[in-house]
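Please read the following report alongside the sequence and the three-dimensional view, taking each passage together with the part of the structure that it describes.

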Amino acid sequence: MTTRTLKPWLFLMPALVIYLTVIFVPSIYTFFLSFFRWNGVTPDKEFVGLGNYTDLIMNDTVFARALRNNLLWTIGSLTLIMGFGLILALMLNKKLKGRIVFRGIFYFPYVLSGIIVATGWTWIYNPTQGFVNKALELLGLESWKHAWLAEPKTALYAVFVAALWQGIGQPMVLFLAGLQTIPQDPYEAAYIDGAKPHQSFWYITLPLLRETFVIVIATTLIASMKVYDIIYGMTGGGPAESTQVLSSWMYNQTFKFANIGTGSAISFFLVMISMIVIIPYVYYTTKKSHV
Amino acid sequence: MKKWILLLTGVLLVSIIAAGCSSGNNSGTVNNASPSADNTQNGGAKVNISLWVLNTGWEWLPEAVRDFEQTNPNISVEVTKYEVDPIKEALKVAASSKTLPDMWFTWGGSLGSFYAENGMTMDLTQVAADHKWSEIYNQTAIDMSTYDGKVSGIPIHLNVLGMWYPKNVYQKLNLQAPATFAEFESQLQTLKDNNITPLAFGSKGGWHTMRLTEQLLEHFAGPELHDKLNSLDASWNDPAVVKAFGKIKEYTDKGYFPMGYSSLDPSEAESLIYQEAAGIINEGTWFDGTIITNGFNPKDFDVFKFPNDQTPSRASVFAEMFQINAETEAAKQEAAIKFGEYLTSTDVINKYVEDYGSPAALEFNISDTTPHLKPLLDSAGDGGFLITDQALPQEVAQKLFEAQDKVALDEWTPQQAAEGMDKAVTAYKSKQK
């Protein structure tokens, strides 16, 4: 092996060692635990093979609900949070008066803790004293008043609106950074050739943002898979477990019920789902970009 | 090579998710051990004990620790405070990694039993006998700190639940504390007819509704069957359980609860009581302190025992205790016992009685600012049953919360709720075999 080959590995080594010991090895251990029935403290673990996985799929109705909610959350994040983030970035990339202030305003919720956002939005949705129902009352739309967080049909979406408000700042900032790396020349050339604004967007802006999209999609996907705090704060997974997601159900199984094996199995469902999406995506986009 | 790097990148990204899924630790550490104390410890003469307690309700603790350290210069105490769910999580993590503190706060029932039944708590049976705990603490609190015949905790609090109401509301409507279940139900309707929400329940987390469900079970099932249901010795698919769930459904349909109560935070529901927009809230011996903290006067409120029409009429009770690490060294165990007994002593209770909560000790002064403490404790004189979320295994309790919500939301009939509970109990029992 030549020095040229070894050099990058040497530079990578400290981070790699930390990563392997702190994240990779515990992840493998979690996978190992998912084949056992164990309460976390007794010396004996009972080997149950795929029992925890089949039990989750066949008997646990909350798990099925949580899985569905995670998928809905992911779709919502990849479309709405990312879409609105891009729209805001495009607007705030123009030479508008006060755009710096607006960038700060839209980014601000992202730096807040999820629990703070949850507390605030819980009061906004309060059925009798909250802003949403009071506003509807003032607008003469009393029939629209609703217990937003108490109806299984609306609870998850109501929480998602709060998450959208909080999360939009992050893709906006990343897209803004990406937009500012695009030179003006292609736009000017396109303008001379008679391209309309939407054509410039489709054929210049979007292709040149490909590398930003890799980061934004990966981070949005990760955030949507591990969503927990805002749901915990706003509904606690209720009503009737209708807003449970995989992370919150994993928390319940592991820390409330002391079912370490089941909790580990849920975490590996999360990992497997993420792998199915992320690995082909990273592979595909990396082939076409400079990342 | 490129493919391997790509694969590695993917795996690392996924690992981030797995790592991110582990929950944070919302704790704040207050180290009451002074620097000089540490120096002394280095000399080998000092014992340093670690204690994990709740954040809320323990505002008096730092001063008590300072007093203790002054009178016991050879012992220093390091206190770490947690919120309710984080302390449960932190203790479970610490238990599985053998890093439990020297002593910790916990609730009784199925929450405290986890550590005792897995041999992680010191057996205090002999200490309790030698130190005559039966003359110091309420026997119910000692019993609730005892697992498999072994005393496994130093009792701190004995909480009793009751139905609290604003006196103004009851006076305006010429109502008296109800003596029978029929009278209670009639009052709910009277409150509703007068545009007052009868029951200020916020059932996010399930507790508020559970406190009503358990009294409905006591009413319909009677003490014997209720106890058997809680110990999983009787089937939950029972007519009494169906009737109890039926009442939850009936009260929901009649609008006895606040709008959207199943996802309402208890504190949001509580605000309705202060505004006198609601008639009754199901809280415990700690509620005088809560009223004061929220800037109101406890004397404007009163409390009655839920009229479950049973003889004896039992109240819902639960205990809180300090457990001591079975693995920690003997000197630390001795110091922890000394410290635990000090914190639960009459002198300390009397000094902080307004903030202390509901003591497990037999002797203490009643403060004027907590006028409902004694009546509530007395109301348990006829007997008590352990509060349901501590009586049931945690995953069965979680199913009860789900069943309550599903009945209220019309997703399950009361019969289906009873069957759902029975199924959860069967699944739990089959796992324990």
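In this predicted model, helix H5 of chain B, which runs over residues 109–117, is largely enclosed by the rest of the structure, because 8 of its 9 residues are buried. The buried residues of H5(B) are B:Gly109, B:Ser110, B:Leu111, B:Gly112, B:Ser113, B:Phe114, B:Tyr115 and B:Ala116. Just after H5(B), the backbone at B:Gly119 adopts a positive phi of about 70 degrees.

Where chain B meets chain A, the contact draws on 48 residues from chain B and 58 residues from chain A. The two chains bury about 4,700 Å² between them, and 67% of that area lies on carbon and sulfur atoms, while the count of salt bridges between chain B and chain A is 0.

In chain A, the unreviewed UniProt entry annotates residues 12–36, 71–92, 104–124, 155–179, 200–223 and 257–284 as "transmembrane region". Two of these spans are set out below.

| Span of chain A | Distance between end C-alpha atoms | Helix | Strand |
|---|---|---|---|
| Residues 12–36 | 35 Å | 88% | 4% |
| Residues 257–284 | 41 Å | 89% | 0% |

A:Leu12 is part of helix H1 of chain A, which covers residues 3–33, and this leucine counts as partly exposed because its relative accessibility is 45%. Together with A:Trp9, A:Met13 and A:Val17, A:Leu12 forms a nonpolar patch on the surface, and the four residues have about 340 Å² of accessible area together.

Note on methods:
Residues numbered from 1 in each chain as written. Chains lettered and ligands numbered in written order. Predicted model: local features only at pLDDT ≥ 70, side-chain atom pairs only at ≥ 80, totals over all residues. Heavy atoms only, no water. Patch = residues over 30% accessible without salt bridge, like charges linked within 9 Å, V, L, I, M, F, W, Y side chains within 5 Å. Areas by Shrake-Rupley, 256 points an atom, 1.4 Å probe, with all protein chains shown as cover. Salt bridge = Lys/Arg side-chain N within 4 Å of Asp/Glu carboxyl O. Helix = DSSP H or I, 4+ residues; strand = E, 2+ residues; numbered from the N terminus. Buried < 20%, exposed > 50% of the residue type's maximum accessible area, 1.4 Å probe, protein only. UniProt positions renumbered as here; feature names shortened; annotations may be inferred. Contact = heavy atoms within 4.5 Å. Buried area = accessible area lost by both parts, 1.4 Å probe.
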